[in-house]
Amino acid sequence: MSIINKAAAIGGGVIGAGWVARLLLNGIDVSIFDPDPEASRKVSEVMKGARRAYKQMVPGGLPKEGKLTFAKTIAEAVADADFIQESVPERLDLKHRVLAEIDAHAPANAIVGSSTSGIKPTDMQVAMKKHPERLVVGHPFNPVYLLPLVEIVGGEQTFPEAIEVAKEIYASIGMKPVVIRKEIEAFVGDRLLEAAWREALWLIKDGICTVEELDDIMRYGFGLRWAQMGMFQVYRVAGGEAGMRHFMAQFGPCLKWPWTKLMDVPEFNDELVDLIATQSDDQAHGLSIRELEKIRDDNLVAIMDALSKQNKGKGWGAGALHKDYTRQLAKLAAKKPTASKAAEKAKASKPVKKAEKPKKKTGKKKG
Ligand SMILES: NC(=O)c1ccc[n+]([C@@H]2O[C@H](COP(=O)([O-])OP(=O)(O)OC[C@H]3O[C@@H](n4cnc5c(N)ncnc54)[C@H](O)[C@@H]3O)[C@@H](O)[C@H]2O)c1
């Protein structure tokens, strides 16, 4: 169950609203700040989709939702929060301004997670004059309310305790925290995605395939393998009985052949943007983004549900976590009538561990 008493979301766009949805659906109160006058409407659209998906995951009834409050300032939003997730646009100057304000007003023991897709935490925490040690990158994947992965990255000033508390916090809301061992730009997930994206742009630009054909090649082929085993385990099996060593002996040398254009980036000119946008419109067959979101969510729930029944009923990969998460939500829902006093009491007596400064700093970078 969650160890968060009250959360704050700074930024309520695609990702911020996804965090809000995951937190509220876990029964956690959230205070949000977003200067966009449309923010409330956009968040409620995302909430509708998230509720719909969670109803499929927990058919017996959902936990009592947390309360959402729109704050007028960052200071107001973070005032009594013990977990704050920043999801403002990907610009270092903006991240600095927002993190400085969060840091100035948040309780000293609150953990601050940043949703950044690739900025190093060391480069962001310099703006936090009071408690830079509590900043972690908590990089999620869209839709945040369904996809469990969160990459956790610490910066030079982040304390190991903050990483540990962040791990507990994210796990308590049904996520799979993976701590990245060394701080690099774009971490691991986006490094991989960017390599594939760059190659895909070339394939479209050079007229080798359309966006729809490229997506078909992924979703009818290796995309299905990736969702359940990832890359290395799939290759191990592809090596036949001799496994990974045989696979590497056979295919390792091919990497030297001029198969890919990986390090070159095609110029993002109007011609390329038009080509991709037009082909993408054709591929959508008139379905709106909201309709595609519903299809995506239904499919994701179905995939995780199917994986939860594998491995002799124990679940496999994301399916094993999905099984635990849906059970946790059902248990929380069963507590509904007495809500919330007991829960509040339990929470109050069990505050989130503090990321206090240890007497002696134990090392700079996370290992
Ligand atoms: N979109 C993705 O797939 C994705 C995935 C993982 C991580 N991220 C990261 O999440 C972060 C947010 O991305 P997004 O896709 O949600 O962007 P977005 O443009 O959809 O949303 C950003 C929101 O921040 C708000 N905002 C702007 N200035 C603000 C301020 N000073 N204080 C509070 N809110 C402010 C905007 O009004 C907007 O609603 C970025 O760092 C991005 O790299 C994005």
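## Around the ligand

How many residues surround the ligand, and which are the closest? In this predicted model, the count is 23, and the closest are Gly11, Gly13, Ile15, Asp36 and Ser117. Two elements give two or more residues to this shell: helix H1 (14-25) and strand S6 (135-140). H1 gives the most, with three residues.

As for chemistry, the shell around the ligand is split into 10 nonpolar residues, 10 polar ones and three charged ones.

## The chain as a whole

Stepping back, the protein chain has 14 helices and eight strands. Its radius of gyration is 22 Å, close to the 21 Å that the globule rule gives for 367 residues, so the chain is as compact as a globular protein of that length. If you want a feel for the dimensions, the C-alpha trace spans about 60 × 50 × 45 Å along its principal axes.

Of the 367 residues, 30% count as buried. Take the contacts between residues at least 6 apart in sequence: 71% of them join residues at least 24 apart.

## Two domains

The domain assignment splits things into domain 1 (6-187 + 332-349) and domain 2 (189-286). Their centres, taken over C-alpha atoms, are 31 Å apart. Where the two meet, seven residues of domain 1 are in contact with four residues of domain 2. On the domain 1 side, those residues come out as three nonpolar, three polar and one charged.

## Helix H7

Helix H7 covers residues 189-205, which makes 17 residues. From its first C-alpha to its last, H7 reaches 24 Å, close to the 24 Å expected at 1.5 Å a residue. Just after H7 comes glycine 207, with a positive phi of about 70°.

As a reminder when you look at any such element, an α-helix has 3.6 residues a turn, so residues three or four places apart point the same way.

## A closer look at alanine 81

Alanine 81 is found in the loop between helix H3 (74-78) and strand S4 (83-86). Is this alanine buried or exposed? Alanine 81 is buried, because 25 other C-beta atoms lie within 10 Å.

Which residues does alanine 81 touch, once its neighbours within four places in sequence are left aside? They are Lys6, Ala7, Ala8, Ser31, Ala106 and Ala110. The pairing with alanine 8 is a nice one to find on screen: the two residues are 73 apart in sequence and 6.0 Å apart in space, C-alpha to C-alpha.

Definitions and conventions:
Residues are numbered from 1 along each chain as its sequence is written. This is a predicted model: local features need pLDDT of at least 70, side-chain atom pairs count only at pLDDT 80 or more; totals for chains, interfaces and linings use all residues. Helices (H or I, at least four residues) and strands (E, at least two) are DSSP runs, numbered from the N terminus. The expected span of a helix is 1.5 Å times one less than its number of residues. Domain bounds come from an automatic or database domain assignment. Ala, Val, Leu, Ile, Met, Phe, Trp, Tyr, Cys and Pro count as nonpolar, Asp, Glu, Lys and Arg as charged, and the others, Gly among them, as polar. A residue is near a molecule or strand if its C-beta atom, placed from the backbone, lies within 6 Å of it. The radius of gyration is taken over C-alpha atoms; the globule rule is 2.2 Å times the number of residues to the power 0.38. A residue is buried if 20 or more other C-beta atoms lie within 10 Å of its own, exposed if 12 or fewer, and partly exposed in between; C-beta atoms are placed from the backbone.
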